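Here is a friendly walk through one protein chain, starting at its surface and ending with its overall build. Keep the viewer open as you read.

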Amino acid sequence: MKNVGSSSTYTNRQSRQNTDNQQLYINGNTVRKLEEIPQIAPRQPRVRVETERKIRRRKKRVSFQSMVYVAFIAVSIAVAGGVLIGYVNLQADITNRMNHISSLQSELNSMRLANDEEYMRIMSGVNLEEIKRVAIQELGMKYAEEGQVITYTGEGSDYVRQYGSIPE
């Protein structure tokens, strides 16, 4: 800030320069009224037109970007929905298959139980002593003697051929 005495005088040009650059401080009992500098009017419309053009361009860019963003979100939601629907369908399919398997297992258990009961009924009706008597007396069968029994080990083979040669 400048101290200016009351006796010093400034021209209009000097006071304008001082008011533009610094605040003017005057000592004394008289204070001068400062003249305001009018602003240039033609520059404002140009600036306003340029900014309006920029604003329109930005709006176009933003609207395009927002449409791309909305499209991206829509596609993402559609893909996520498809994946979730597929997952729910797979879960339902697995549940149905598990229910079908459990019903087949219960059916198998009931068939085994019925089969075992039928086998026991048949076996209880068979008289083994009667079968032995018919085989020995009527059919002429005999018990094997000591020299007739041959022990055979099937080395690594799971089955024995009935008509194959017996090794000594």
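## Charge and grease on the surface

A patch of positive charge sits on the surface, gathered from Arg 53, Lys 54, Arg 56, Arg 57, Arg 58, Lys 59, Lys 60 and Arg 61. One of these residues, Arg 58, has its place in helix H2. Please keep in mind that what you are looking at is a predicted model.

The surface also carries a nonpolar patch, formed by Tyr 119, Met 120, Ile 122, Met 123, Val 126, Leu 128 and Ile 131. Together these residues have about 710 Å² of accessible area. Which helix gives the most to the nonpolar patch? That is H2, with four residues. Helices H2 and H3 each supply at least two residues of this patch. Leu 128, for instance, has its place in helix H3, and with a relative accessibility of 60% Leu 128 counts as exposed.

## Salt bridges along the helices

Let us turn to paired charges. Side chains of opposite charge can pair when their charged atoms come close. How many salt bridges does the count come to? The count comes to four, and the table shows some of them.

| Salt bridge | Closest N to O distance |
|---|---|
| Glu 118 with Arg 121 | 2.4 Å |
| Glu 130 with Arg 133 | 2.5 Å |
| Arg 133 with Glu 138 | 3.9 Å |

Take Glu 118 and Arg 121 to begin with. Both belong to helix H2, which covers residues 43-125. They are three residues apart in that helix, so about one helical turn separates them. Is Arg 121 buried or exposed? Arg 121 counts as exposed, at 52% relative accessibility, while its partner Glu 118 is partly exposed, with a relative accessible area of 35%.

A similar story can be told for Glu 130 and Arg 133. These two lie in helix H3, residues 128-138, and being three residues apart there, they are separated by about one helical turn. Glu 130 counts as partly exposed at 36% relative accessibility, and Arg 133 is partly exposed too, with a relative accessible area of 34%.

Arg 133 also meets the side chain of Glu 138 in a salt bridge, at 3.9 Å from N to O. Glu 138 is exposed, its relative accessible area being 57%. What do the shared partners build? Salt bridges that share partners join Glu 130, Arg 133 and Glu 138 into one network.

## The chain as a whole

Stepping back, the chain has three helices and two strands. Read from the N terminus on, these elements run β-α-β-α-α.

How much of the chain is buried? Of its 168 residues, 2% count as buried. The chain exposes about 16,600 Å², and carbon and sulfur atoms supply 56% of that area.

Contacts between distant parts of the sequence can be looked at as well. Among contacts in the chain with a separation of 6 or more, 6% come from residues 24 or more positions apart.

For a last look in the viewer, follow helix H2, residues 43-125. Arg 58 of the positive patch has its place there, the salt bridge partners Glu 118 and Arg 121 lie in this helix, and H2 gives four residues to the nonpolar patch. Helix H3, residues 128-138, holds Glu 130 and Arg 133, and Leu 128 of the nonpolar patch has its place in H3.

How values were computed
Residues numbered from 1 in each chain as written. Predicted model: local features only at pLDDT ≥ 70, side-chain atom pairs only at ≥ 80, totals over all residues. Heavy atoms only, no water. Buried < 20%, exposed > 50% of the residue type's maximum accessible area, 1.4 Å probe, protein only. Contact = heavy atoms within 4.5 Å. Areas by Shrake-Rupley, 256 points an atom, 1.4 Å probe, with all protein chains shown as cover. Patch = residues over 30% accessible without salt bridge, like charges linked within 9 Å, V, L, I, M, F, W, Y side chains within 5 Å. Lys, Arg positive; Asp, Glu negative; His and termini not counted. Charge placed at Lys NZ, Arg CZ, Asp CG, Glu CD.
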